[in-house]
Every structure is written in C-alpha cells, then in structure tokens.
Amino acid sequence: MNILVLDDRLKPTARSFVGRRGKLMIDGVFVDAASGKTFPVYNPASATILTQAAEAGQEDVDRAVAAARQAFDDGPWRKLSTSERGQLLWKLAQLVEKNSEEFAEIEAIDSGKAITVARRVDVAWSIEMLRYMAGWATKITGQTIPFNRSGGDYFCYTTREPVGVVAQIIPFNFPLLIAVIKLAPALAAGCTTILKPAEQTPLSALRLGELILDAGFPPGVVNILTGGPATGAALASHGQVDAVAFTGSTAVGKKIVAAAAGNLKKVQLELGGKAPAIVFPDADLDRVIPGVSHGIFFNQGQTCCAGSRLFAHRKVFDRVLEGVCAYASRIRLGPGLDEKTEMGPLVSDSHASRVEGYVASGTQDGARIAVGGGRVNKDGGYYFAPTVLTETRPQMKVVQEEIFGPVLVAEPFDDDDLESIAQVGNDTVFGLSASVWTRDLGIAHKTSRMLKAGTIWINCHNVFDGGLPFGGFKQSGWGREMGFEVLHNYTEVKTTIAAL
C-alpha cells in the first residue's frame, strides 16, 4: 500500500492519528471489521492514500446494533439522569475544544477544505452545538392537557421519551460538524446511536469516537461504523434500529425511506437543494456580490444550501455578474493545510468528474461559461475552478439538478410582480433554502412568505445558529436539524390519562 508522506504542515498529534489504520468502534472498543476488509482513504489535494479504514459488513452492523440496543434497553445509559447526560456532552465539548487544532488539520487533509474554514466553521460550531444540546438534556418536557369531555374526572399529560436506537448516516462535506449535529441531540434525548461517516471522509468521526470514550460515555451508547453504501443500507433496513437520520442526496434519501419501511422506523432526512439567490434592483450590491459569491463558492460549493441559482433584476444583472466573476477569479485554490488556501479540492475524483459532466451538459445545451468551467491541474488533486454559467434556460439540468460543486447559474429577470419572481425561485423539486437581496423590507418579507423553502435569508446567505431549525420543503427532506425541533426526531410522545 502506498501511504502518503504526510504534509509537513500536519502537526505530530494529527500526523500520528491520520497515519494509523482506522477501526470500527463497537461497544466501547475499536476493532477490525469481522471480514478483515479495509478501504483506502484519500487526500483529495494530491490523490494519494492517507490510510486504510475498516469496511463494516453485515456482521459488524449486527454487533453495533446489538450493543446500542443493550445500552438503551438494559445498560447504564437509561439509568443516567438527564443532568448526567448533559454533563457528558459538555465534557465532550471541552475535549473537542482542547483538540480543536488537530480536528481542523484532520478535516483539511481528509475532506480537502481550507483549514481556516475548518477552524472557524466545522470545529468551532461543533463545540458550540455540543454545548447547546447539552443544555437541552434537562429541558425535554411534556404538557398537562385538560380533559374536555363531560362525565369524567381525569388528569392527562404527555411526556417525550427517547425513540431508542438511532442510525445516523453522515455526508462528506462537513464530516465532524454534521456528525455532532446528529449525535448531540440524539444523546441529549437519551437515545443510543450507530454513526456511519461518509466513506470519503471517515477520519474525524473516528477521532471523535476516541474522545467520546475519553469523556466517559458508557460502552454501546455511541458506535461508529466506517464503510460504503452497503453499510448504510444495512443500518437503514435493520429491524432493531428504531430511527434513522440521514444527510445526503435526495436520490439516496429515497432509498433510505424504502429501506426503513420494514419496521416503519422513524426517518429524518436532510437532502439536496438548489437555492435561488434573488437580487432586486434596489439591493446593496456591495453586500450582494460577496454574499452571493460566498453562498455558492463556500466549501467548494459542496453544501446542500449553496446559492447555486442567481436571479438578478436586469437593471443590476450585468454589475452583479461582473462582480461575482471577478470574485471567483480571485479565489486562491490550494491544499486544505495551506493557510493561504481559500478553496480546496473537491472530495474525490468521481465527484469532480460529476461536476465536470454537469458543466459540459450546460454548455451543450447552450449555456455560456462566464468564468472557470473545468478542472484545475494542481498537484494531482481534484480541483475545480469556481464557475459561472450564463444564458441558461429553466429546464436545463444545470438549473434544475443539484451539482454540489462551485458552479453558479445566472439569469436576469424583468418582472416586478413578486408572485412571478417567487415562482421562478420555486421552479425546482427542492426547497431547502433561498436568499432575498433588497433594501425594501416589505418586498423581502413578502417574497420570503412566497418562497417554498425551509430557510430564507434576507441580505445574507449561509448564516446559521444552533438554536435555529434547519431543513427542507418538498424533496429537500423531512424533519429539522438544530433548535428544539431536532428533538422531535429523537423522541416519541406518550399520553397518560389517569382517572381521579
């Protein structure tokens, strides 16, 4: 096996972790896959192998589910107080914070993202989310409800109880952050979990697993299985799993739903998007141009809520287009560990080819490349130039389908009717997010009301907070992440009626 000579910028602690073979975490112990199979983990900046990770098969899935089942049904987890669960989450946050630079380096070399982004977004927000959800552990309450029928005297109340064993399937774009966004509320609610990170980016989840054990979580409460689609499918269909939470593409989300039908397990899905950025003629272009640019090019465009469709009023379209193209041309591409890098490579060769195929499809259908347009030959990595396509039409694949890369389609509009403008924004199967850019708050809020999406940003894009629910309409998913609403994914409501 050709192991990468690790980048000199990788500090000793991260170097030691990345260089050793990844194992599965089952019932509090790191073990090899029962089959002994492994798969390579690549550095997307150089297309070289970082390490090998264990490939979980059906036997490993069964063992992990059994461990989570025992920890939930009979183990110490359900005997802990809500306060003790919250304290464990808080301690985990402290450990992640203590090792924050190591996590940033792991994310940068494994996923390709800029280390400055990993520090500021992925790691910092993971710490914040752990602390935020630690607070919810003691605040999951029910209601007392009056009995409204005549002829009886009853005391009625509801409680929220943990749903049980949860399988959580994580994408490659924010490996640590989305793992935490899913784990923290499930653990706060009292569930036990089996976490499956994306096969492209398993390393930060495994390092998080080590800290989970260091924090003192009982064995079996969190289990981590690395592997490909077959591992995720086995979890989604498992009869002893009570719920599944998935973040990823809409196509795979539909397969999750089908697999979960066997025991009608609870399903939460955070899926694809094709967010419109709608720019009205009165908008502050000094905010619009960097905001729209960041909305599509952040994290190499590998975000489900990327503002990948720009609709600007014809009065300002040329100035917005010129500004966004200039912004794109200045973005510094490079390996994630380089402090000067602003955009890293895409996550894999196959994904870069997929993005390349979409751009080719667009140009074949008549779109014009205003900037970028293809791969960038750099150190053998999977780099793709920030790209803007113009002269597109509504039914083109590049306009309708999620590309999940740094590709913006830009179209002008002339209509001043808000309903017509909103219809253009809604003209997709997705409904995850959208942004509206205007100085007129009446127009902003009226347009927001008409857009069919789970999050609407006004004069900003990609702004998040742990207390704000996030999720989609239409084929962008079911349920919500973050805020109090996320706890609905991991709890069941029980009604108790007592005759007095």
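**Figure 1. Contacts of Val96 in a nonpolar core of the predicted model.** Beyond its neighbours up to four places away in sequence, Val96 touches Phe103, Val123, Ile127, Leu130, Leu208 and Leu211. The largest nonpolar core has 83 residues, and Leu92, Val96, Leu208 and Phe217 touch the most other members. A second core, separate from this one, has 29 residues. Ala45, Ala277, Val288 and Val320 are included in the second core. In soluble globular proteins, nonpolar side chains tend to be buried together.

**Figure 2. Aromatic rings and the charges that sit over them.** The search of the whole structure gives 10 aromatic pairs. A cluster linked by ring pairs is formed by Trp125, Trp457, Phe464 and Phe470. At Trp90, the charged end of Arg131 sits over the ring, 5.2 Å from the ring centre. At Tyr358, the charged end of Lys397 sits over the ring, and here the distance to the ring centre is 5.4 Å.

**Figure 3. The second largest pocket and its lining.** The volume of the second largest pocket is about 240 Å³. Its lining consists of 15 residues, and those nearest the pocket centre are His294, Phe298, Tyr327, Ile331 and Glu342. At least two lining residues come from each of helix H5 (115-136), helix H10 (285-297) and helix H11 (314-330).

**Figure 4. Surroundings of Trp136 in helix H5.** Trp136 is found in helix H5, a helix that also supplies residues to the lining of the second largest pocket. With neighbours within four places in sequence left aside, Trp136 is in contact with Gly483, Phe484 and Leu487. Leu203 is 67 residues from Trp136 along the chain, and 28 Å separates the C-alpha atoms of these two residues.

**Figure 5. His238 in a loop between a helix and a strand.** His238 lies in the loop between helix H8 (229-237) and strand E9 (243-247). The relative accessibility of His238 is 14%, so this residue counts as buried, the limit being under 20%. Not counting residues up to four places away in sequence, His238 touches Gln58, Val61, Asp62, Val65, Asn263 and Lys265.

**Figure 6. Lys474 in strand E21 and its contacts.** Strand E21 covers residues 473-474 and holds Lys474. Lys474 is partly exposed because its relative accessible area is 37%, a value between the limits of 20% and 50%. Residues up to four places away in sequence are not counted in its contacts, which are with Asn426, Thr428, Val429, Phe430, Gly431 and Lys452. Gly454 is 20 residues from Lys474 along the chain, and their C-alpha atoms are separated by 9.4 Å.

**Figure 7. Asn299 and Asp379, two loop residues with positive phi.** Neither residue is glycine. Phi is near 55° in Asn299 and near 60° in Asp379. Asn299 has its place in the loop between H10 and strand E12 (309-313). Asp379 is in the loop between strand E14 (375-376) and strand E15 (383-384). The relative accessible area of Asn299 is 4%, so Asn299 is buried. Asp379 counts as exposed because its relative accessibility is 56%, where exposed means over 50%.

Conventions
Residues numbered from 1 in each chain as written. Predicted model: local features only at pLDDT ≥ 70, side-chain atom pairs only at ≥ 80, totals over all residues. Heavy atoms only, no water. Phe/Tyr/Trp six-rings, centres within 6.5 Å; stacked < 30°, edge-to-face > 60°. Lys NZ or Arg CZ within 6 Å of the ring centre and 35° of its normal. Core = buried A, V, L, I, M, F, W, Y, C linked by side-chain atoms within 4.5 Å. Buried < 20%, exposed > 50% of the residue type's maximum accessible area, 1.4 Å probe, protein only. Contact = heavy atoms within 4.5 Å. 1 Å grid on protein atoms, 1.4 Å probe; cavity = no way out; pocket = protein on both sides within 12 Å on 5 of 7 lines; lining within 4 Å. Points joined across faces, edges and corners; volume = space filled by probe spheres on them. Helix = DSSP H or I, 4+ residues; strand = E, 2+ residues; numbered from the N terminus.
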